[in-house]
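Morning, everyone. Let's take a quick tour of one model. Have a look at it first.

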Amino acid sequence: MERDIDIQKQETIYTEYIDNHRQNVEKAWTIMKSNNECMDLITKYLNTDREAAISLLDEMIKNHDMSKYKENEFDAYRKEYYPISPEEKEGNKSAYDSAWRHHYHNNLHHWNWWYESGNMDNMKMPYVVEEYTYIVSLE
């Protein structure tokens, strides 16, 4: 029973981390949207107008890293970053590797998918912007 309580506590902490991460990405995007030079550059490379660029990227940012809440990522990530014991983390390597692979295959702002698929030079600009927004959000 104590173990279950520890797991629930760590799951709550990890969920709060994901929520906070996504909020920080949204805040970074809000700042980027308000910067005319930034938006001029984005619209130039997306080859579209500002309204279309914002609409597309608003939707992408809203859905940023949603797969981290899903079963095929959540538990392995929680055990990797918020384990209840060193043994739990040690026994999680294979599951974490699988979850990470699932994550970047379903979140194309990660360069890993583009590299693995042989398309590194063809990473689509909206994903580059999403990744940059993530980088800007880091403190």
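**The pocket and two loops**

The largest pocket has a volume of about 210 Å³. A pocket is an open set of points on a 1 Å grid over the protein atoms alone, where a 1.4 Å probe fits, with protein on both sides within 12 Å along at least five of seven lines. The volume is the space filled by probe spheres set on those points, joined across faces, edges and corners.

Which residues sit closest to its centre? Y17, D65, K68, Y77 and Y134, out of 15 that line the pocket. Lining means having an atom within 4 Å of a point.

This is a predicted model: local features need pLDDT of at least 70, side-chain atom pairs need 80 or more, and totals for chains, interfaces and linings use all residues. Numbering runs from 1 along each chain as its sequence is written, and side-chain values use heavy atoms, without hydrogens or water.

Back to the lining. Helix 1 (2–33) gives the most, with 3 residues. Helices here are DSSP runs of H or I, at least four residues, numbered from the N terminus.

Now the backbone. Most residues other than glycine have a negative phi. D65 has a positive phi of about 55°. D65 is in the loop between helix 3 and helix 4 (71–81). Buried or exposed? D65 is buried (under 20% relative accessible area, 1.4 Å probe, protein chains only), at 2%.

N47 also has a positive phi, near 55°. N47 lies between helix 2 (36–46) and helix 3 (50–62). N47 has 71% relative accessibility, so N47 counts as exposed, meaning over 50%.

Terms used
Helix = DSSP H or I, 4+ residues; strand = E, 2+ residues; numbered from the N terminus.
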